[in-house]
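Work through the exercises below with the sequence and the 3D structure open. Try each task before reading its solution.

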Amino acid sequence: MNAAADPCKNFYEFSCGNFPRIYPATLSHQAETSVLGNLQADLEHIMFSMLNSPNVTLDTVSERKVKDFYNSCLDISQSGWSYVTKLKEIIAEFGQMPVLDENWSETDFDWLKTVAEISQKYDLQIIVGRYVRKDFYDRRQRNTVYFDLPSFGLAKPEMYLIPAYKVMLEEYRSAMIQHLRNYLGVEEILSEMVAQEILGFEVALAMATTNDTSALSQPYEYVDYLKREYPEELDLLKYLQVTLDDTLPKGKIFDMCPIYHKNLIKLMKRTPKKIVANYIFYSLLRNFMLTPFPNSHEALQRGCVGLTRRHFSSIVDNMVYHRTNVKDAEQAVINMVYDLRTVMEFSLRQNDRLSEKLQKRIKQKLKALKVKIKSHENSDVFQKSIPKIDVYDICGNLKSIFILKSMEIKENLNSTTPTSYLDSVSPSLLPRYIKEENTLLVPVGFLQPLFFWHSTYPVSIKLSQLGFFLAHEMLHAIDEEGIFYDPDGQYSYWNNGKLPDTLIMRRNCYSQHQQTSSYIYAGTKLPELQPELENIVDAEGLRWAYKTFATWYNSPLLVGLNISSEALPNLQYQNHQLFFISFAQLWCNDVNHAVTGLPFVPNGEYVSGSLKVMSILSNVKEFYETFHCERPKRTFECEVY
């Protein structure tokens with residue numbers, strides 16, 4: 001904290017002003033340091049310790065296999081030419097990579113056939129994205145095909161286009177150069193040129209994704225739609241037949257990104273085949289290499305922890321669950337979800353802004369909402385989901401994993417067996433709502449002691465941190481997207497597929513507020529840096545958590561009781577003030593401007609800390625009341641629930 005700052009003028013500076021001095025990004029040589037980043041590093045250290053520990057009697061067979069996989073990754077540093085040879089053999093399965101073969105001929109190269117064969121064998125989605133997931137229109141909930149965006153080297157396509165991510169983009173290019181040079185033996189100047197060409201093409205692919213519309217407005221058609229809609233240059237029907245061994249969906253399919261596909265046709269016509277081929281084969285090998293390139297043993301260890309998490313997230317989650325004391329936090333999450341739900345139901349009874357139909361829908365969704373701790377307890381899939389692991393062959397291990405996944409996808413098509421896409425997400429720190437299941441998925445990292453909760457914490461802190469994140473995700477069950485999924489997670493044309501006027505007015509209200517916000521950062525009004533829906537659930541989630549705290553604080557059960565535990569030692573702030581201070585401190589960060597060249601970089605998935613805090617609190621009237629601040633004059637209130 002910087003207690004000397006005026007909380008009414010800059011609450012972020014008041015709550016986080018000394019964070020840059022304690023965790024300076026400049027000294028750490030990082031683009032950014034942050035509270036959430038520190039917690040993520042702590043979680044990774046826990047996983048690192050587990051994977052590096054020797055096998056013991058209590059380890060399950062699955063856990064030993066995961067440790068063997070991790071050790072096979074570490075063996076990259078000792079494999080030398082053996083590893084390089086195996087990488088080149090993977091390329092040879094599907095053709096030749098121009099940068100490695102001076103006799104490469106573009107007349108023999110068919111890009112769509114190549115990516116289809118890669119998808120067929122390894123289920124890797126390059127340039128075209130084909131996925132098998134539950135059909136949320138189908139009452140039987142059979143799996144069908146979704147055409148969606150393919151995999152990119154960076155997490156999201158927009159990261160190639162937004163200047164704030166330029167550091168990550170440069171690190172990605174640097175890793176590409178080192179991969180080409182050190183693993184594939186490409187000479188220095190050529191590796192730099194080819195890396196730039198590959199990156200340029202990937203940026204063009206990312207640009208092709210822009211301006212695509214919502215999935216629910218896209219075609220939901222039978223397979224013959226593909227032949228009608230797309231020309232021979234992008235024969236998605238033939239592509240589908242190759243990737244699924246001629247087994248086609250019995251029901252309808254989803255084309256989630258038709259604009260991307262139309263743009264892709266134009267892009268492929270103007271891009272030299274040599275660049276496309278280099279991009280495809282590098283994208284293939286990227287799944288068998290570590291990014292960023294490990295320049296030290298410590299970097300190799302970090303990369304191997306990440307690779308192990310990516311492919312064995314369920315088992316790693318289960319290992320963390322058993323080796324850390326999270327039982328109390330697990331129960332606290334369940335209790336807090338119950339409290340949040342109870343407060344929402346009470347608020348709805350006093351709410352005359354929402355129609356009776358909308359109130360009924362909200363109550364149904366929240367009542368049916370399931371809470372799933374991602375511990376994978378009592379799971380029977382571990383053993384059958386792990387192939388044979390060779391402690392000296394990381395390439396062979398990865399090939400076995402991809403082949404097994406591809407076989408599973410084909411077997412699950414047209415069946416009601418859940419696919420592994422949701423469970424294959426790497427262990428994360430924060431909870432997330434799965435609208436197709438009406439489930440709040442809580443990772444074990446979120447439960448770690450002293451991260452967001454501890455039994456000795458004041459209730460104000462528990463609800464401002466743990467409570468905020470839970471409320472934020474629960475709101476996605478009833479936001480303008482989630483409201484159309486029924487309590488079982490099935491998509492339905494509720495309200496004739498039309499968004500209720502109240503929610504439209506709320507969206508417009510927040511948009512108007514964003515444009516007229518009085519908060520200034522670096523001399524500039526708050527920009528719209530994250531999806532509008534996220535702005536809404538941020539503010540509504542904090543307000544919901546605060547109402548839950550206020551309900552607890554004003555409970556008759558507390559009358560006459562000593563609630564001194566609601567204060568912190570050596571701090572003069574009252575419990576209501578602690579609520580907002582501890583919330584703001586979730587987003588403390590420091591930016592290395594020398595590295596970024598920008599006034600901020602995106603923090604986590606959305607916006608930087610100061611912008612996020614000041615934007616959210618400007619929508620919460622209780623904050624102004626708690627700190628006796630003068631509220632900005634405006635004629636609209638955006639609160640809905």
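Two exercises follow, on disulfides and on a strand.

This is a predicted model, in which local features need pLDDT of at least 70 and side-chain atom pairs count only at pLDDT 80 or more, while totals for chains, interfaces and linings use all residues. Residues are numbered from 1 along each chain as its sequence is written, and side-chain values use heavy atoms, leaving out hydrogens and water.

**Exercise 1.** Find the disulfides and describe the one that joins Cys8 to Cys629.

Solution.
- Step 1: A disulfide is a pair of cysteine sulfur atoms within 2.5 Å. Searching the whole structure gives three.
- Step 2: Between Cys8 and Cys629 the S to S distance is 2.0 Å. The torsion about their S-S bond is about -80 degrees, so this disulfide is left-handed.
- Step 3: Cys8 precedes helix H1 (11-16) and Cys629 follows helix H26 (621-626), so the pair ties together parts 621 residues apart in sequence. Helices (H or I, at least four residues) and strands (E, at least two) are DSSP runs, numbered from the N terminus.
- Step 4: Buried means under 20% relative accessible area, exposed over 50%, and partly exposed in between (1.4 Å probe, protein chains only). Cys8, at 30%, is partly exposed; Cys629, at 10%, is buried.

**Exercise 2.** Describe the surroundings of strand S3 (residues 143-148).

Solution.
- Step 1: Six of the six residues of S3 are buried, so the strand is largely enclosed by the rest of the structure.
- Step 2: Two strands pair if DSSP finds at least two bridges between them. Strand S2 (residues 129-134) pairs with S3 in the antiparallel sense over six bridges.
- Step 3: Strand S5 (residues 253-255) pairs with S3 in the parallel sense over two bridges.
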